[in-house]
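The following exercises ask you to read a structural model with care and to settle each point by working through it step by step. Try each task before you turn to its solution.

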Amino acid sequence: MSTKEVDEQMINVLNKNSSYFVEWIPDNVKSSVCDIPPRGLSLASTFIDMFRHVSEQFTAMFRREAFLPWCTGEGMDEMEFTEAESNMNDLVSEYQRYQDATADEEPEYKDEVAGVQGMQ
């Protein structure tokens with residue numbers, strides 16, 4: 001999938017679901033395309049690192065209450081930030097479980113392939 005296609009789809013989603021996005025942040029969705037993991041890492045671990053970094057940055061800003069008065073002044077509740085932080089941590093955990101499950105399954109698959117090749 002090209003970056004242009006991703007951008008077009010994101011614009012469609014924003015237009016279709018505009019009621020779910022705030023007007024005062026016009027470009028509140030960012031996207032990127034990555035289909036090649038860094039050397040020695042799986043694609044899942046790439047996302048884990050990215051989400052951890054975003055989570056750490058979000059947590060640091062939230063703890064300092066950066067932008068909090070402005071956001072609450074616009075109608076957001078402080079609990080929404082706590083929930084977003086929890087959701088981000090859940091997302092990291094879910095990717096970690098996926099990566100761990102994939103790592104556990106790989107040796108079994110290799111043994112099955114070796115067994116099938118040995119039969120031929």
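**Exercise 1.** Is Glu65 buried, partly exposed or exposed, and what is its relative accessibility?

*Solution.* Keep in mind from the start that the model is predicted. The class called partly exposed runs between the limits of 20% and 50% relative accessible area. Because the relative accessibility of Glu65 is 46%, the residue counts as partly exposed. As a next step, place the residue in the fold: Glu65 belongs to the loop between α2 and α3. Its backbone deserves a look too, since phi of Glu65 is near 60 degrees, which is a positive value in a residue other than glycine.

**Exercise 2.** Determine how many helices and strands the protein has, and in what pattern they follow one another.

*Solution.* The count gives four helices and zero strands. Reading along the sequence, one obtains the pattern α-α-α-α. To complete the overview, consider burial across the whole chain: of the 120 residues in the protein, 10% are buried.

**Exercise 3.** Describe the backbone and the exposure of Phe67, and find the surface patch in which this residue takes part.

*Solution.* Begin with the backbone, where phi of Phe67 is near 65 degrees, a positive value in a residue other than glycine. Phe67 sits in the loop between α2 and α3. Turning to the side of accessibility, the relative accessible area of Phe67 is 54%, so the residue is classed as exposed, given that the class begins over 50%. Finally, Phe67 joins Val22, Ile25, Met61 and Trp70 in a nonpolar surface patch of about 450 Å².

**Exercise 4.** Characterise the largest pocket by its volume, by the residues closest to its centre, by the helices that supply its lining and by the classes of its lining residues.

*Solution.* The volume of the largest pocket is about 380 Å³. Its lining consists of 15 residues, and those closest to the centre are Phe58, Met61, Ala66, Phe67 and Phe81. For the contributing elements, one finds that α2 (43-63), α3 (68-73) and α4 (78-119) each provide at least two lining residues, and that α2 gives the largest share, with five residues. Sorted by class, the lining holds 13 nonpolar residues, one polar residue and one charged residue.

**Exercise 5.** State how much space lies in the second largest pocket, and which residues line it.

*Solution.* The second largest pocket holds about 210 Å³ of space. The residues Ile25, Asp27 and Asn28 form its lining. Ile25 is thus listed here and also among the residues of the nonpolar surface patch.

**Exercise 6.** Which side chains meet in a salt bridge, and which parts of the protein does the pair tie together?

*Solution.* As a general starting point, side chains of opposite charge can pair when their charged atoms come close. The cut-off for a salt bridge is 4 Å between a side-chain nitrogen of Lys or Arg and a carboxyl oxygen of Asp or Glu, and by this rule the count comes to one salt bridge. The side chains involved are those of Glu85 and Arg63, with an N to O distance of 3.1 Å. Because Glu85 lies in helix α4 and Arg63 in helix α2, the pair ties together parts that are 22 residues apart in sequence. In the last step, compare the exposure of the partners: Glu85, at 10% relative accessibility, counts as buried, whereas Arg63 is exposed, with a relative accessible area of 54%.

Terms used
Residues numbered from 1 in each chain as written. Predicted model: local features only at pLDDT ≥ 70, side-chain atom pairs only at ≥ 80, totals over all residues. Heavy atoms only, no water. 1 Å grid on protein atoms, 1.4 Å probe; cavity = no way out; pocket = protein on both sides within 12 Å on 5 of 7 lines; lining within 4 Å. Points joined across faces, edges and corners; volume = space filled by probe spheres on them. Nonpolar A, V, L, I, M, F, W, Y, C, P; charged D, E, K, R; others polar. Buried < 20%, exposed > 50% of the residue type's maximum accessible area, 1.4 Å probe, protein only. Patch = residues over 30% accessible without salt bridge, like charges linked within 9 Å, V, L, I, M, F, W, Y side chains within 5 Å. Areas by Shrake-Rupley, 256 points an atom, 1.4 Å probe, with all protein chains shown as cover.
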